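User: I am new to this structure and would like a close look at a single part of it, the largest pocket, together with the parts of the chain that surround or lead up to it. Please take me through it carefully.

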Amino acid sequence: MTSTTPSAGGILAASDALQGPQQTFNREQVAYLMHLAYESGRTAEYVADVAELHATWARHPQQRTTAEERYQQRMAEMAACAAQINAELGRPPGYRYDGGPVDWETGRPLAPGEQVTA
């Protein structure tokens with residue numbers, strides 16, 4: 001029992017041994033056969049659980065959104081908020097501020113070399 005996960009070849013070899021002329025098995029062989037049965041059952045149960053999970057989601061008329069779709073929805077929401085703020089401040093549609101100094105009180109971008117008047 002070097003591997004914890006049974007291979008298909010190991011299961012087939014154990015099946016052949018059980019159907020062969022050998023009638024008695026030693027302690028190690030019995031332990032190995034029990035290990036194969038246990039791991040095969042665990043694997044089958046895991047596959048059944050995953051299949052049930054996929055079937056549950058497949059029954060819903062609306063599938064879950066992907067991370068990319070959620071990202072696009074969030075970016076569209078932020079763009080709508082930015083457009084609303086720009087409209088409230090009287091900025092042209094599509095206005096984008098790319099950084100630089102701003103007036104602390106008004107939030108108005110300062111022209112190059114312009115000083116803040118306090």
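Analyst: The expected span of a helix is 1.5 Å times one less than its number of residues. This model is a predicted one, and that rule can be tried on its helices before turning to the pocket. Helix H2 covers residues 27-59, and its 33 residues should therefore span 48 Å, which agrees with the 48 Å between its end C-alpha atoms. At the N-terminal end of H2 sits a cap, asparagine 26, with a side-chain oxygen 3.2 Å from the backbone nitrogen of glutamate 28. The buried residues of H2 are His35, Leu36 and Glu39.

Helix H3 passes the same kind of check, because its 22 residues should span 32 Å and its end C-alpha atoms are indeed 32 Å apart. Two residues of this helix can be set side by side: tyrosine 71 has its place in H3, and asparagine 86 is found there too, in a helix that takes in residues 67-88. Tyrosine 71 counts as exposed because its relative accessibility is 53%, where exposed means over 50%, whereas asparagine 86 counts as buried because its value is 9%, where buried means under 20%. Along the chain, asparagine 86 is 19 residues from alanine 67, and their C-alpha atoms are separated by 28 Å. Between tyrosine 71 and leucine 89, which are 18 residues apart in sequence, the C-alpha distance is 27 Å.

Asparagine 86 also leads to the pocket, since it belongs to the lining of the largest one, along with Ala82, Ile85, Arg91, Tyr95, Arg96, Tyr97, Val102, Gly107 and Pro109. The space in this pocket is about 200 Å³, and its lining residues divide into six nonpolar, two polar and two charged. Leaving aside residues up to four places away in sequence, asparagine 86 touches Arg91 and Tyr95, both of them named in the lining. With tyrosine 95 there is a polar pairing as well, in which a polar atom of the side chain of asparagine 86 lies 3.1 Å from the backbone oxygen of tyrosine 95.

Beyond the helix, the chain continues with glycine 90, which takes a positive phi of about 75 degrees just after H3. Glycine 107, another of the lining residues, lies in the segment after H3. With a relative accessible area of 35%, glycine 107 is partly exposed, and, again leaving aside residues up to four places away in sequence, it touches Arg91 and Val102. Arg91 is thus touched by asparagine 86 from helix H3 and by glycine 107 from the segment after H3.

Technical notes: Residues numbered from 1 in each chain as written. Predicted model: local features only at pLDDT ≥ 70, side-chain atom pairs only at ≥ 80, totals over all residues. Heavy atoms only, no water. 1 Å grid on protein atoms, 1.4 Å probe; cavity = no way out; pocket = protein on both sides within 12 Å on 5 of 7 lines; lining within 4 Å. Points joined across faces, edges and corners; volume = space filled by probe spheres on them. Nonpolar A, V, L, I, M, F, W, Y, C, P; charged D, E, K, R; others polar. Helix = DSSP H or I, 4+ residues; strand = E, 2+ residues; numbered from the N terminus. Buried < 20%, exposed > 50% of the residue type's maximum accessible area, 1.4 Å probe, protein only. Polar contact = N/O pair within 3.5 Å; in protein donor to acceptor, adjacent residues only side chain to side chain. Contact = heavy atoms within 4.5 Å.
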